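Work through the exercises below with the sequence and the coordinates at hand, and attempt each task before reading its solution.

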Amino acid sequence: MDRLQLLLLLSFAMFTLGMVGLAIRRDLLVVLMCLELALNGVLLSLVVFAQQADIAAGAVLVFLVFVVAAAEIAIAIPIVLLMVRHKRTLDVGAFSDLRG
Amino acid sequence: MRLTLIALAPLAGFLLNGLLGQRLGKTFVSVVGCALPLAAFALTLAAVVELESRGAPIVEVVYTWAVIGGVEFEIAFYFDRLTAVMALVVTGVGSLIHIYSTGYMHEDRSYARYFAYLNLFLFFMLVLVLGRSLLVKFVGWEGVGLASYLLIGFWFQDEDKAAAGKKAFIVNRIGDAGFLLGMFLLYTLTGTLDVDRINAAFAEPTPQMLALASTAGVLLFIGACGKSAQIPLHVWLPDAMAGPTPVSALIHAATMVTAGVYLVARLSGLYDSAPAASAVVAGVGVATALLAATIAVVQTDIKKVLAYSTVSQLGLMFVAAGVGAYAVAIFHVVTHAFFKACLFLGAGSVIHALSGEQDVRKMGGLARRIPITFVTFAVATAAIAGIPPLAGFYSKDAILWYSFASSAGGSTVLWALASATALLTSFYMFRLLWLTFFGRSRMSAEVEHHVHESPLSMTGVLAPLALLSAIGGFIAVPQFLGAQWPLPAILEARAPFYWPLIGLAVAIGFGGLALAAFFYAGDGARAARVQERFGALHRLLSAKYYVDEFYERTLHQPLLWLSDRVFLGLGDRRLLDGSLDGLAAFAVRVAGQLGRIQTGNLQLYLLLAMIGLVGALAWGLRHV
């Protein structure tokens, strides 16, 4: 098994961990971290495929996505802060106000 | 143009009075309301002169209403001698009643509305009389029904009067259905709706026309029954007395209710080819005449007596039409218009004098107090009773004679029933005269104190009508119409009975007078004894043979039940509302179930999205 295969497996593991974490963790900050984990898993696979196909643009795209992800987190953290101020808790279950 | 103007004059009156009357005051309304009918009368006279000078019917096409598949439906007016007689009666008697109304209705708040309606009625009546096509006549036919409804319910604040208006309207609808069906059938048979062409077509009938003539005749007669208050559709006319008295005189005695007779006479060609339909006309006519006359004997409301008398007299007219003596039927229409208008207006004058009292049991002894009303009323009573040489004698005697001797359906039974009606007519009319004007006063002191003769506008109309009731019999209507509507041949075996029957008719007239005088002379004790002796019969007659109750039970209540339970309860509430409500309730329930998925928990949504995604991927892998 060559290294690229291993890296792909790693990216899959990161994505799965991230998704599972998103689904089951109660702490809002941890959920955000898991989100980042899943995103990075996907980006890793992007890099791997870029290497495999020998396309430099793939590596560039990854940096662009990093920038977008950073901006996203910059907005997400203040939102989380406001939500926490509102409810005085980090438990995601407390924010199910849109119950049908 | 002249014929159109005859009809348009009252329409102009309706528009002026209806739009401006309330603002411009009573003088304006009176002048407009009376002048335009008088103008119509003058124009009719001019048209009659023209008709006589040219000798052929005047036809005037106003407007082509519709062209359907090459067939033109025109609004056209047709003026022959029959039209002339009817139009003269309608505009002449109509104008007199308009003038009378200026006195009778003077205190009414809705004076302008009253005259607007009255003019509207006259317009539609003239359309009905003058119309050449059955379609145009139908417009007039419906229009007079509308005007009748509006005027019966003129004092609509009174629940009962509004209901009487509705009753008249609804009962007439039943007749109108017959009229329409008859009209359709005639159109399929002859390909035209113009009455003169229909009559011409029936002069040379095809076998199919002969086969269906009776059906068409009976259908149209159902329409005539509605308008002319014949059994079984007679129930509306007595209730129609809720309207102002001049309205009863104009619409429900002199003009509108005779429209049915006019229709039958107008379509004489059809009825001549349809002996079965003619027999129905005569049969229904004589049955109505007799039954209505028996009811009139026990009525105590002065207007109700006259109303049943009208129903009865209309029945006699149909007898004449049914045995082919159309000219005689129209003759009776004319004389009846004179004396019945006079009687109704006289009754109006009595009611006016007694401050609104209509019950004859609370009248009596009025002869000296209101002499002009008394004299005119007495003349008209004698006329309707058939006392020679007054108008009613001639027309009624002619009807009796043709019901006996006409070769087109005359029979002894018909004659006997019609004669019995004549006797009853004479009796109940003189009874009315006695109870109202003779004997001791049974008025309350309050009412008696206010008794006064009516103003000149009212008595001035009573006088000419009484005069016409007296001499109207000398107007030779049957001879005038004879050229176009020859009287039926006389059965030879019965010809010798002519003079004896006239003698009998005279005896009948005086017999009724004698009976009424015998029973109601003094304090009416003899009448009271008879009433006690035949209590059950009296109750039956007072209740008008329970026809209203019968209709209530067999038609009204089942229909009400059907509408309430089946159409409203089952159809509307359960089926329509129920299905829609059910759909809505179903949506609410399903949405409630689905709503439980929306927990508001983001992580659950994510999980579901992932499961979906995985499912989609797995499906994709297997199928692509």
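The exercises that follow concern a predicted model.

**Exercise 1.** Describe the secondary structure and the overall dimensions of chain A.

*Solution.* Begin with the secondary structure: chain A has 3 helices and 0 strands, so that its order along the sequence reads α-α-α. Next take the extent of the chain, whose C-alpha atoms occupy a box of roughly 50 × 25 × 25 Å along the principal axes. Then compare the radius of gyration, which is 17 Å for chain A, with the value near 13 Å that a compact globule of 100 residues would have. Finally, consider burial, since 9% of the 100 residues in chain A are buried.

**Exercise 2.** Determine how helix 14 and helix 19 of chain B are oriented with respect to each other, and which residues join them.

*Solution.* First locate the two axes: helix 14 (residues 326-353) and helix 19 (residues 456-471) of chain B approach within 8 Å and cross at roughly 150 degrees. Because angles over 145 degrees count as roughly antiparallel, helix 14 of chain B is roughly antiparallel to helix 19 of chain B. The crossing itself is left-handed. Helix 14 of chain B contributes residues including Phe338(B), Phe339(B) and Leu345(B), while those from helix 19 of chain B include Met458(B), Val461(B) and Leu465(B). Sorted by class, the residues of this contact comprise 11 nonpolar, 3 polar and no charged.

**Exercise 3.** How many residues of each chain take part in the contact between chain A and chain B?

*Solution.* Counting on both sides gives 10 residues of chain A in contact with 12 residues of chain B. The side belonging to chain A then divides into 5 nonpolar, 3 polar and 2 charged residues.

Technical notes: Residues are numbered from 1 along each chain as its sequence is written. Chains are lettered from A and ligands numbered from 1 in the order in which they are written. This is a predicted model: local features need pLDDT of at least 70, side-chain atom pairs count only at pLDDT 80 or more; totals for chains, interfaces and linings use all residues. Two residues are in contact if their C-beta atoms, placed from the backbone, lie within 7 Å. Ala, Val, Leu, Ile, Met, Phe, Trp, Tyr, Cys and Pro count as nonpolar, Asp, Glu, Lys and Arg as charged, and the others, Gly among them, as polar. Axes are lines fitted to C-alpha atoms, for helices over the stretch in contact, and angles run from 0 to 180 degrees between N-to-C directions. Helices (H or I, at least four residues) and strands (E, at least two) are DSSP runs, numbered from the N terminus. Angles under 35 degrees count as roughly parallel, over 145 as roughly antiparallel, 65 to 115 as roughly perpendicular and the rest as oblique. A crossing is left-handed if the near helix is turned anticlockwise from the far one by less than a right angle, and right-handed if clockwise. The radius of gyration is taken over C-alpha atoms; the globule rule is 2.2 Å times the number of residues to the power 0.38. A residue is buried if 20 or more other C-beta atoms lie within 10 Å of its own, exposed if 12 or fewer, and partly exposed in between; C-beta atoms are placed from the backbone.
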